[in-house]
Structures are given as C-alpha cells and as structure tokens.
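Me: Please take a close look at one part of this protein for me. I want to know where a few charged and polar residues sit and what surrounds them.

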Amino acid sequence: RDGQRGSRGAQGGASSSFREAAMLCFSCLAPDSEPRFVNYEVHVQGSALPLPGIPVQNPTLLTSKRRGALMGVRVQKLSAFSDREVGEQLSVATGSPPPTPIKPPDFTTSVASGRRCLHLSDGTGARTEAEYCVDAKSGQFRLKTTGKGGQQTVVCCPIMSIEEIYTIDDDEACFPKQVLEALSPEERAGLFLIDYSTDEPNAGRARICLVESSRASLDQLLQHLLQHVDDVVRANAR
C-alpha cells in the first residue's frame, strides 16, 4: 500500500508539474489586450535615458509584456530605428528639440583654415604635433609646429616653389631612414615629403616631412595643390 501511495503521489506530482508548465506556456503565448512595448535606454553624456513608447512589431517571449521579469530590455545600439526616429524619441524624453547632425567640413574648407598633422624631423625622425594650411590668396603652404615647451614655429613655403612632393608609393629611398623607423605601417600611408626651393642664396632647397590622417586625405591635398598651380598658370597666361 505504501508503494501504491508512493506511485500515485509520484504520478500526481508529475501531473501537477505538467499542468503548471502548461499554464505557464499558455500565459506566455496568450494574446495581450494591450499594445506591446519595449523600454529602450540610450546613454546621453554618461547617463541612461529611457526612450518610452517604442513599439515592437513582432513581439517574442523576451518582449512579451506578460513576462514582467524580462521587461526593460537594454540596448546600446538602436539599429532598428532611423536617426530621425531616435531623435524624435530623445526630444520627447528630454523636452528639447532633436539635435541637428553636425557635418564635418569638406577638405577645401579644412585645408584653408588648418589641418592637424604629424611633423617629423628630417634629421632625427622626432615626432611633433603640427598644423598646416594652404593659403590660396598668398599662394603659400604654411606649417605651424609646437615644441615640448609650447614654443611655436611657422614655416612658409610658396606653392610655386615646390619642386617635388614624394609619397611612400614613389620610393622609400626618398625618405630618411630615421623618418621611416618612427612611423607604423598605417602611418606610412599618409606620409609625404615636400621638396621646395628657398629664397636664401646659401640654403638651396629645403624639405618638410609630414603625415596626413589617411591616404585619402593625402590624395585630396595633392589634388588641391595641383589645382592651385593650374589656376596660377592659367591666370599668368592671360
């Protein structure tokens, strides 16, 4: 009898567990009477900001509103929504208008105002943060370097005095060994050397070694300088 009661108890326990599992499954799959939403969060200046009311078109078990413990799904990238939709949600949450996307200036604008670059010493290969600009009005290529003590040095090179501009694609022999050793393979892609003549009788020609941020930016600079030379030649031919 004890064995029979134990057998019935085991069957009853199994039946009860099955019923509980079936009820749980039904509660998860049963249709909701209310719209389903997922509460997303976006990090703005280090703080988590909820984006309320973003509907989910195809809710799953993880996004079902009946599963309260699984709510508040946290995402870092709202890939399912466009920038406009995210901006509108941020506007609702913060009470401020959506932010206007900031477009970076084009190359012509940035090269006229100044572009940051890396300057390398022709003799030692020492690296120095620098900034160069192309002044179309004066026809000069200006380089401004800042030393460790904060002292600034400005070098002016007339564009029409440039004899050659070498890149890493020409030949590594065009560059001093110290310069090449100071650069990584990625940085070498933006390396260029300006060889220009000076007005000083005993100086002859001078060289400037610089590194642009990328090969694409370097190509834009070379095209910009060639266009300036072409404009000057055309103007003098009139």
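Reply: Here is a walk from a surface patch to the residues behind it. The model is predicted.

Start at the surface. Glu163, Glu164, Asp170 and Asp171 gather there in a patch of negative charge. Take Asp170 from that group. Asp170 lies in the loop between strand S7 (162-167) and helix H4 (177-181). Its relative accessibility is 45%, so Asp170 counts as partly exposed; the exposed class needs over 50%.

Next comes Asp195. This residue belongs to strand S8, residues 191-197. Asp195 has a relative accessible area of 11% and is therefore buried, as the cut-off is under 20%. Leaving aside residues up to four places away in sequence, Asp195 touches Ile162, Glu163, Glu164 and Tyr166. It also touches Arg205, Ala206 and Arg207. Two of these names, Glu163 and Glu164, are known from the patch of negative charge.

From Asp195, move on to Cys209. The two are 14 residues apart in sequence. In space they are 9.0 Å apart, C-alpha to C-alpha.

Cys209 leads to His119, which touches it. His119 sits in strand S3, residues 115-120. Its relative accessibility is 19%, so His119 counts as buried; the limit is under 20%. Again leaving aside residues up to four places away in sequence, the contacts of His119 include Ala126, Arg127, Thr128 and Ala130. Leu143 and Thr145 touch His119 as well. Ile208 and Leu210 are also among its contacts.

Methods:
Residues numbered from 1 in each chain as written. Predicted model: local features only at pLDDT ≥ 70, side-chain atom pairs only at ≥ 80, totals over all residues. Heavy atoms only, no water. Patch = residues over 30% accessible without salt bridge, like charges linked within 9 Å, V, L, I, M, F, W, Y side chains within 5 Å. Areas by Shrake-Rupley, 256 points an atom, 1.4 Å probe, with all protein chains shown as cover. Salt bridge = Lys/Arg side-chain N within 4 Å of Asp/Glu carboxyl O. Lys, Arg positive; Asp, Glu negative; His and termini not counted. Charge placed at Lys NZ, Arg CZ, Asp CG, Glu CD. Helix = DSSP H or I, 4+ residues; strand = E, 2+ residues; numbered from the N terminus. Buried < 20%, exposed > 50% of the residue type's maximum accessible area, 1.4 Å probe, protein only. Contact = heavy atoms within 4.5 Å.
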